[in-house]
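Trainee: Could you walk me through the inside of this model and the way its parts meet?

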Amino acid sequence: MAARTTTRLAIGYALAVAFIAAAPLFLDAYWLDVLNSVGLYVLLALSLNLILGDAGLFNMGHAAFYAVGAYTTAILSTRFQIPILWTLPASAVVAALFATLVARPVVHLRGDYLLVVTIGLGEIVRIALVNDVFGLTGGANGIFGIARPTVFGLKIRRPHEFLYLIWAFVAVTVLLFHRLEQSRFGRALNYLREDPVAAEGSGVNTARYRLLAFALGAAWAGMTGTLYAAKMTIISPESFGFWESVVLFLMVILGGSGSIPGVILGATLVVVLPEVFRGFASARMLVFGLVMMVMMVVRPQGLLAFRILRFKESDVRRAGASQ
Amino acid sequence: MSALLEVRGVTKSFGGLTAVSDVSFDVEAGSVVGLIGPNGAGKTTTFNLITGNYRADRGTIRFEDRAIDRMRTHKIVQAGIARTFQNVRLFQQLSAVENVLAGRHCRTKSGALGALLRPPWQVREEREAAARAVEELAFVGLSGHAMELAKNLAYGDQRRLEIARALAADPRLVILDEPAGGMNEQETEELIGLIGRIRKRGITILLIEHDMSLVMRACEHIVVLEYGEKIAEGPPASIQANPRVIEAYLGTEEV
């Protein structure tokens, strides 16, 4: 059973890679750009999934970390002419530090309480950006003139070039996050989600893992911010509002909280479906809302809730044999 | 030579209610000690004070000659005290083996970076942790259930899985909160056997239990609480004959 799940997943990923690699052959620039959006949202949703899906911490201010990363890149690029991709680690570190700092006093809060606090956090960051904190963020207009990234001397500017850059980052992320969930670290996050009292009582430093979940999720959201800034060349506070956090939350819950393939699917559908139904004009959000409601009633565990057993039967057998 | 666990003058109040009042007792290394008393006597509160879930208002708790009454719960587990819960607290959506691996957490080291890069020592650590988890499952008699989700296990099996999780943490002292709760006679019988085997491993046991036949058979030392105070202490025979204990359990006869 577990082996079959793994095989199916590998096939799914292989098909996705083939589709993305060949996409420039049959998709126009508009749809390639939609795919780029999908890639960015997949990254954001996966990073939120670490916090919300794996550790069970209700974070509805994830766009704040995304914003911190995007602005870090924008400021470093426009003021110090630092090449875009070199700002990736900076965005990760700044976003992680920011998350650790703001999460520390509130992270012990449970469920709905944490949700409310993180909504506040997201709004504070957005308003701070609008008000041009430290004279660095350019106020409501944002920052423009962000440089294009360069990979091995090749300047990335057209949609299909971004497609490969963004989706290469997605591929690495998916690989790393699968490794993460099948590890002591990933299990600790799951223990935290399932029962924090039992986790602490079993010897897991729950306070530390809560912060680590936030820090790591924020780091990835920050790096996604870098890619976003590079793609847009202009960023402004309105891209990082409350709605953005809500949509990310939705992608995780809709796709299958805690399931990497589920979250990828969730992000894809939430971005692509409104595009497909563009013909319905204003009715499309109505349809979308209805689909969500039906989904949650019919399939509350998410679309692809199947989880790869973190610990496979073969691991157990090997462990049994080595005694 | 001091005892493995020393509880001295421990008091805990919640608002106006004093749940535990000036309680002292020792748990000698290698023994099985029972903590009994009527409902609301403060037994579970005492457990929660030892395991760091609550902080004592007064008094000290020492384990292996180290003060643990100001330590956080996971640190106390690391120091060598593992526990089970009165209302089974397993990680419901995770498999039995993953539940037991939680106990291994404090004895292993690899972090996020280790998980991402997978150096050989991390792979080895995972493999050893898994082997140990499988071993503990076998020890409590759950060999065939490694891959089952905790929530799908029978109630008695869930209780035993909790014990396996506690044992995986290499404790010197295991605290069992009503281990026979909800078990039938046969399961209780098996539990007594399991307690004996845990003890043979050199692990000391402190348990709360309402099943008096289990307490009298499994424990060699019994501490009796009533209304948060210790009213008696001693070997099973003396406890059974103690008039204050009988009074606490049966009530006084009105004359």
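**Cavities and domains**

Mentor: Let's start inside: the structure holds five cavities of 30 Å³ or more (on a 1 Å grid over the protein atoms alone, sets of points where a 1.4 Å probe fits but cannot get out, with lining residues having an atom within 4 Å of a point). This is a predicted model, where local features need pLDDT of at least 70, side-chain atom pairs count only at pLDDT 80 or more, and totals for chains, interfaces and linings use all residues. Residues are numbered from 1 along each chain as its sequence is written, chains are lettered from A and ligands numbered from 1 in the order in which they are written, and side-chain values use heavy atoms, leaving out hydrogens and water.

Trainee: Which element gives the most to the lining of the largest cavity?

Mentor: Chain B brings residues such as B:Leu101 and B:Glu126 to that lining, while chain A brings A:Arg184, A:Arg187 and A:Tyr191. With three residues, the top contributor is α7(A) (helices being DSSP runs of H or I, at least four residues).

Trainee: In chain B, which residue forms a salt bridge with B:Glu136?

Mentor: The assignment splits chain B into domain 1 (1–80 + 171–255) and domain 2 (93–164), bounds that come from an automatic or database domain assignment. Two salt bridges are counted between them (a side-chain nitrogen of Lys or Arg within 4 Å of a carboxyl oxygen of Asp or Glu). With the closest N and O atoms 2.9 Å apart, the partner of B:Glu136 is B:Arg201.

Notes:
On a 1 Å grid over the protein atoms alone, a cavity is a set of points where a 1.4 Å probe fits but cannot get out, and a pocket is an open set with protein on both sides within 12 Å along at least five of seven lines; lining residues have an atom within 4 Å of a point. Grid points are joined across faces, edges and corners, and a volume is the space filled by probe spheres set on the points. Helices (H or I, at least four residues) and strands (E, at least two) are DSSP runs, numbered from the N terminus.
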